[in-house]
Amino acid sequence: ENIQSFPIKIPTYKYGIAIDTFQKMEGTIKNGAFLADILMRYQVPYTAIDQLVKNAEGVFNIRHIKAGKNYTILTTDSSAQADYFIYEPSIYEYIVFDLKRENMVSKVEKPVTTKIQTASGTIESSLWNTMIDQGLSYELASKMEDALQWSVSFYHIQKDDEFKVVYEQNFVEDQAAGIGQVHAAFFKNMDKPFYAIYFDHEADKGFYDLEGRPMKKSFLKSPVKHSRISSFYNLNRFHPILKRKRPHYGTDYAAPHGTPIRAVGAGVVTHASYTKGNGNYVKIKHRGNIETQYLHMSKFSKGIRSGAQVEQGDIIGYVGSTGLATGPHVCFRFWKNGKQINHLQLTFPPADPLPQKALPTFLVLRDEYLKLMNIDPKSIQIASKDPEEE
């Protein structure tokens with residue numbers, strides 16, 4: 001007896017829909033295109049589009065459809081009205097416009113999986129270039145810089161410096177989709193080791209050094225990320241525009257036009273104005289009789305005006321070349337007790353360590369991260385002191 005067997009075809013599901021039964025057309029949102037422009041090409045009447053817009057309220061703002069993003073049209077008959085329009089605003093989610101079922105609109109977040117990964121390297125030109133050359137992301141470089149921003153002078157890094165990092169890599173549908181938490185970072189700058197260990201324990205959350213002292217200090221090392229010092233504090237500097245010797249009481253950080261400028265510490269804005277020499281500038285008063293000033297901005301951030309409160313790391317403006325400036329940079333100035341000083345030579349006392357009850361948990365975690373970075377925990381008992389605090 002001949003019994004014929006037929007293979008059972010398992011339908012392909014995407015966007016929660018068995019898409020094998022549909023004709024699929026994919027596209028990219030063009031500049032200046034509206035939802036109506038796209039849907040009317042697929043026989044969706046304007047009345048249905050109007051209903052879609054109403055149904056989308058509270059789910060997705062139609063005005064947020066952006067050029068360059070992908071969309072998919074599903075239809076059982078290309079000569080008839082489309083059945084589904086699916087828009088993907090990011091790798092993390094998609095919006096389903098169900099054109100068959102009363103023009104319903106729903107947002108679906110894709111499941112995210114996370115893996116702990118490590119990376120390391122030796123600097124050739126800059127941290128950013130070295131990491132990008134290795135196929136690592138700008139986001140990872142930025143988050144590693146954030147972890148060490150109170151202790152490493154990234155504008156002082158040089159060839160043959162080393163970095164190591166333990167971090168979370170997010171994946172959506174097996175595709176890399178952004179960086180999560182950086183758990184540990186190591187940077188050897190001119191043979192001086194710097195470490196940052198992330199620890200989340202009840203109220204104690206943030207980056208710590210190897211002895212469990214908070215990395216966060218009163219002031220950041222720099223008001224701009226991934227920049228370079230183009231002119232140091234110099235009492236005998238020859239001014240490039242005025243063509244005469246004039247003390248340079250600030251530190252110039254060259255960075256692309258529009259680069260965000262950060263408040264290096266918490267305080268109150270005392271000036272956000274313009275002068276012929278300073279261009280657009282902001283001055284901030286901090287605790288401990290300290291003031292900082294940021295010159296030559298292209299523009300101020302929203303809300304930055306005299307009397308505004310700022311926190312450490314807040315964006316206060318953007319790099320420009322207003323006033324007496326030869327190119328885009330921020331001239332950063334630092335006063336202590338009314339006297340301008342070289343902030344690069346400042347040292348601050350270490351913060352209090354974690355509570356005694358939290359230290360054992362922290363030390364176990366620290367050693368695990370060190371091992372992941374191929375660093376022997378026994379080799380760093382002496383090196384754990386911050387070289388800048390000796």
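How do the residues of the lining of the second largest pocket divide into nonpolar, polar and charged? In this predicted model, eleven are nonpolar, one is polar and four are charged. The second largest pocket holds about 280 Å³ of space. Its lining comprises 16 residues. Phe34, Leu35, Ala36, Ile62 and Arg63 lie nearest the centre of this pocket. Two elements, α1 (35-40) and α2 (46-56), each give two or more residues to the lining. The largest share comes from α2, with four residues.

The protein chain has 390 residues, and buried residues make up 46% of them. Its secondary structure comes to five helices and 22 strands. Among contacts with a separation of 6 or more, 62% join residues 24 or more positions apart. The exposed area of the protein chain is about 21300 Å². Carbon and sulfur atoms supply 49% of that area.

The largest nonpolar core has 51 residues. Within this core, the residues with the most contacts are Leu127, Leu148, Phe187, Tyr294 and Ile316. Leucine 127 touches Ala141, Phe154, Ile157, Phe163 and Phe187, with residues up to four places away in sequence not counted. A second, separate core contains 23 residues, including Ile29, Leu35, Ile49 and Ala56. Leu35 is also among the residues nearest the centre of the second largest pocket.

Helix α4 spans residues 138-147. Its buried residues are Leu140, Ala141, Ser142, Met144, Glu145 and Ala147. Ala141 is one of the contacts of leucine 127. The buried residues of α4 pack against one helix segment, α3 (127-133). They also pack against the strands β9 (162-172), β10 (175-189), β11 (192-201) and β12 (204-208).

Strand β5 covers residues 84-90 and includes isoleucine 86. Isoleucine 86 counts as buried because its relative accessibility is 0%. Leaving out residues up to four places away in sequence, isoleucine 86 touches Tyr15, Ile17, Asn70, Tyr71, Thr72, Leu74, Tyr94, Ile95 and Val96. The C-alpha atoms of isoleucine 86 and valine 96 are separated by 4.7 Å. These two residues are ten residues apart along the chain.

Serine 90 also belongs to strand β5. With a relative accessible area of 27%, serine 90 is partly exposed. Its C-alpha atom is 9.6 Å from that of alanine 177, and the two residues are 87 residues apart in sequence. Isoleucine 91 follows in the loop between β5 and β6. This residue is partly exposed, at a relative accessible area of 24%. Its C-alpha atom is separated by 6.8 Å from that of alanine 177, 86 residues apart along the chain. Beyond its neighbours within four places in sequence, isoleucine 91 is in contact with Lys110, Val172, Gln175, Ala176 and Ala177.

Further loop positions were examined. Asparagine 103 is found between β6 (93-98) and β7 (104-109). Its relative accessible area is 11%, so asparagine 103 is buried. Neighbours within four places in sequence aside, asparagine 103 is in contact with Ala48, Gln51, Leu52, Asn55 and Asp98. Helix α2, which spans residues 46-56, also contributes to the lining of the second largest pocket.

Two residues other than glycine adopt positive phi values. Glutamine 43 has a phi near 60 degrees. Its place is in the loop between α1 and α2. Glutamine 43 is partly exposed, with a relative accessible area of 38%. Aspartate 191 has a phi of about 70 degrees. This residue is found in the loop between β10 and β11. At 64% relative accessibility, aspartate 191 counts as exposed. Both strands flanking this loop, β10 and β11, are among the elements against which the buried residues of α4 pack.

Conventions. Residues are numbered from 1 along each chain as its sequence is written. This is a predicted model: local features need pLDDT of at least 70, side-chain atom pairs count only at pLDDT 80 or more; totals for chains, interfaces and linings use all residues. Side-chain values use heavy atoms; hydrogens and water are left out. On a 1 Å grid over the protein atoms alone, a cavity is a set of points where a 1.4 Å probe fits but cannot get out, and a pocket is an open set with protein on both sides within 12 Å along at least five of seven lines; lining residues have an atom within 4 Å of a point. Grid points are joined across faces, edges and corners, and a volume is the space filled by probe spheres set on the points. Ala, Val, Leu, Ile, Met, Phe, Trp, Tyr, Cys and Pro count as nonpolar, Asp, Glu, Lys and Arg as charged, and the others, Gly among them, as polar. A nonpolar core is a set of buried Ala, Val, Leu, Ile, Met, Phe, Trp, Tyr and Cys residues joined through side-chain atoms within 4.5 Å. Buried means under 20% relative accessible area, exposed over 50%, partly exposed in between (1.4 Å probe, protein chains only). Contact means heavy atoms within 4.5 Å. Accessible areas come from the Shrake-Rupley method with a 1.4 Å probe; for residues, only the protein chains shown count as cover.
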